[in-house]
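Here's a quick briefing to read with the structure open beside you. Take it topic by topic and find each spot as you go.

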Amino acid sequence: MGRFWIFLLGNLLSISSAQDLIDPAQFAWITPLLGDISEECRNASEQYRDDLIATLQYGSLTEAITMFDSNGRLPMEGFLSDYIEIPIDLCADTDECFLPVALSTITLKLPIGFSNHPGHFEGCLGVKEIETKYCAVSLRTPSSMSAFPFKQTPAYQTPSLKNIARLLDEYTSIKRLLNHNNVFPLVDVLDPESISKYKKSLSNSKITEEEIDKLIDKILLFFMSLYATLSSPSIGMCFPQSCTTSDINENYQVLTELAYEDVIITINGNPFPVSLNANLSIMADDYFCYTNDDRSKMPEKLPGLNIFFYVIYIVIAVLILSGTAYDIFLVKSATQKKTKNFSEKFVLCFSAYTNGKHLMSTKSVGTDHLDCLNGIRFISMTWVVLGHSFLSAFNARNIGAALELFTGGGGFAFEAIVNALPSVDTFFLMSATLTTYILLKELEKAGSDLSKHTITFIMYYVHRYLRITMPYVLIMGVVIAVLPYLYSGPGWVAIAYESDQCSSMGWANLLYVQTLLNSTMNSACMGVTWYLVDDMIFHWLSPIIVYPMFIFFWRTKKHVLGLSWWFFSMTCFTAGVFYIAYSTRLPPVEGLQFPTLETDYTYKVEFYFVPWARYQAYLVGILLGYILHHTRGKAVKINEVVNIIMWQVAFLSAFAVVYGLYDARVTSEISLFSATMYNTFQRIAWNCSVAWVIFSCVKGYGGIVNDFLSWSFFAPLARLTFCAYLIHMNLIQMFDNSVIKSFPYDFSMWTSVWFFLGSMMITLAVAFGLALVFESPSVRVEKLIITTLLQPILQNQSQHKKPGFPKKKTPG
């Protein structure tokens, strides 16, 4: 006979082959049969039911059994092995409580994780004789619990630091509640003896049977509501295609209303009666329903923007084929044609032969290009991919094991993964260093010529925007028009959703304001590009810092005023970070909440993304670029003892930033002062440490560290980091939503390591392809156009020099 656990979606269906034990009414759990459903759905569901019964009674094989076999099962194996105990105050929401104090607070045993079974996506949609629909059906919190403090996150959202912080906040709050002497009675709703024992304790307190029944109802409601909100249970179900989500939800609503009247839960052969007055919803959503002809969740009619990108890609493909063929022809024919017209140069910009050689070249590019940055850039990119790869752990069914890692369960060494956030600040540092280093060189070349300064100033903005935006928009086109059609899976709606967001909100990305506007700050379009927003804003505003530093030195030949201006700027931004962190009681790291802080952050843009909280890293890079410029080609003597001390200080500072929060993570305790100091100075400490490594390596004091970071092997890998950064999260999401969400996935350290290694290799391979066809041609085309436009202007300037800055008068 069928056995259902209503609080877990009631989908564990065990049907006997004996004819007299078949109850057709049970089939409403697996296909819509009840309520005001459409005629088409009812007919298809009845046919499905009859085919299943025929299979069981007469042994005739039909496609219906494949549909049934495609359904997920709950509860699943391991369900009882992963649980937490939660103290519940039963009198918290009542003015008058009839319970004795000793019985008013109980410890509720709640299973976590092991609550999502996707079923068989391919099996359901692969049925030939019956048109089917695959839907993820979830358990929702009842309306009476709408004010419950836990909040569910939409399933199509990819795990992020923000979502993890929410989940960790709930989980660690529960853990903190467990730090008491457990004198409260333990109630396990999965154990009839536990319920009976608690009811007996209530009876001894002279409480009426009616009050006891209401109380047990309330306990069960708490149990199911907590389970629904904390574990977000869902299963994949296979329905007839003619059934809409309205039909499915109507059926479950009627079914659960009937079930609440008299539900018998059988555990280990023991019948357990449950009666509830609240409506705990079992629902499907169009977002998470797929048919065989709509697996990608993309519009049937090809969007115009997609067609636009396809045309662009065809044109680029033609140019690549033409440029490559022409380039190879020139090489084979040994043609030494130095003067080429613009058209020839333009076509050759797309040569896969030349671009490929450049990307894969391991030749040193010279000390003027700061070779040690290659190793730092690639290692930082690897660190970013590593951190994002481990976010997939939150798709696991044993969520408790994954959460433990973020609360110190991974050990001290694991802090390098859960606190991988400084990796992004390293990119800000390198960007500022190179920008300042190159800009100051161009300003020196301009000398006192105002016209050249004007051109330098204009090109400072034009070059940066074109250099970043041209490959950026082409890769965004891949996210919009290519990736959604490559595969499918139970969570593929997330890929389609991002495509839709980029189509509608991409304009904000191209203006680099998507994290700053109310209408776009929560857009899912290439979420990692918040970094580009900050970096572009820093680039736009940094002349306010760099130009005065140049002018002060140019006029006085001293560094005092320039460094004072830099120090004043750093002080202002540091004071701003301190004020925000202290006044809003911010936790010291993204992904953690602390009860002693009671965060009151009301700014529209999240602290993690705001440019003014990140600018410290960029300022350190400006200072490093300034120092490297003024020591360009000069020997810098550093005492051996001083060098060793500086390396130790740099190491300890960086170590403290990454590993300094371990105790706070384990204990969930930190003072407001400590959190504020960490928020205020962590970026200064980390980036000054990395800046010293760069400076020491460039000036010949890096030793084996410089040999490693400047290793020619890193040169081609470093050239791929921009494309790798833009695309890596999309590749991880594609695997998550197609493969990992296709089966009950258990988290383990080994699977995460293998996942990271695969993600890194695939990311580099895809990044190479994108760099070859998008980034390299874009860079060469931009350089060709700018050079062609500037050449006549520069020639004209050489003939007609205009007055510039007044030269500083020298004494005597």
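Are C41 and C243 buried or exposed? C41 is buried, and C243 is buried too. Keep in mind that you're looking at a predicted model. We'll start with the cysteines, then move on to a few helices.

**The disulfide between C41 and C243**
- A search through the whole structure turns up 4 disulfides, and one of them ties C41 to C243, with an S to S distance of 2.0 Å.
- This pair connects distant parts of the chain, 202 residues apart: C41 sits in helix α1 (residues 39–58), while C243 lies in the loop between β6 (234–240) and α8 (245–261).
- If you look along the S-S bond, the link of C41 and C243 is right-handed, with 90 degrees about that bond.

**The disulfide between C124 and C238**
- C124 and C238 are joined by a disulfide as well, and here the S to S distance is 2.2 Å.
- Distant parts of the chain meet in this pair: C124 belongs to helix α4 (residues 121–125) and C238 to strand β6, 114 residues apart.
- The torsion about the S-S bond of C124 and C238 is about 85 degrees, so this disulfide is right-handed.
- Both C124 and C238 are buried.

**The disulfide between C135 and C289**
- The sulfur atoms of C135 and C289 are 2.0 Å apart, and the two residues form a disulfide.
- Again the pair links distant parts of the chain, with C135 in strand β4 (residues 132–139), C289 in strand β9 (residues 282–291), and these positions 154 residues apart.
- The link of C135 and C289 is right-handed, with 120 degrees about the S-S bond.
- C135 counts as buried because its relative accessibility is 0%, and C289 is buried with a relative accessible area of 7%.

**Two cysteines that don't bond to each other**
- Why is there no bond between C372 and C697? The sulfur of C372 is 4.8 Å from the closest cysteine sulfur, the one in C697, and that's too far for a bond.
- The cut-off for a disulfide is a pair of cysteine sulfur atoms within 2.5 Å.
- Turn it around and you get the matching result: for C697, the closest cysteine sulfur is in C372, at 4.8 Å.
- C372 is buried, at 2% relative accessible area, and C697 counts as buried at 4% relative accessibility.

**Helix α21**
- Helix α21 covers residues 611–630, which makes 20 residues.
- From first C-alpha to last, α21 reaches 28 Å, close to the 28 Å expected at 1.5 Å a residue.
- Follow α21 along to A617 and you'll find a bend of about 30 degrees.
- Of the 20 residues in α21, 18 are buried, so the helix is largely enclosed by the rest of the structure.

**Helix α13**
- Helix α13 (residues 399–409) is mostly covered, with 8 of its 11 residues buried.
- The buried residues of α13 include I399, G400, L403 and F406.
- Just past the end of α13, G411 has a positive phi of about 90 degrees.

**S776 in helix α28**
- You'll find S776 in helix α28, which runs over residues 749–799.
- S776 is buried, with a relative accessible area of 8%.
- Leaving out residues up to four places away in sequence, S776 touches N355, L359 and A771.

Terms used. Residues are numbered from 1 along each chain as its sequence is written. This is a predicted model: local features need pLDDT of at least 70, side-chain atom pairs count only at pLDDT 80 or more; totals for chains, interfaces and linings use all residues. Side-chain values use heavy atoms; hydrogens and water are left out. Helices (H or I, at least four residues) and strands (E, at least two) are DSSP runs, numbered from the N terminus. Buried means under 20% relative accessible area, exposed over 50%, partly exposed in between (1.4 Å probe, protein chains only). Contact means heavy atoms within 4.5 Å. The expected span of a helix is 1.5 Å times one less than its number of residues. The bend at a residue is the angle between axes fitted to the seven residues ending there and the seven starting there.
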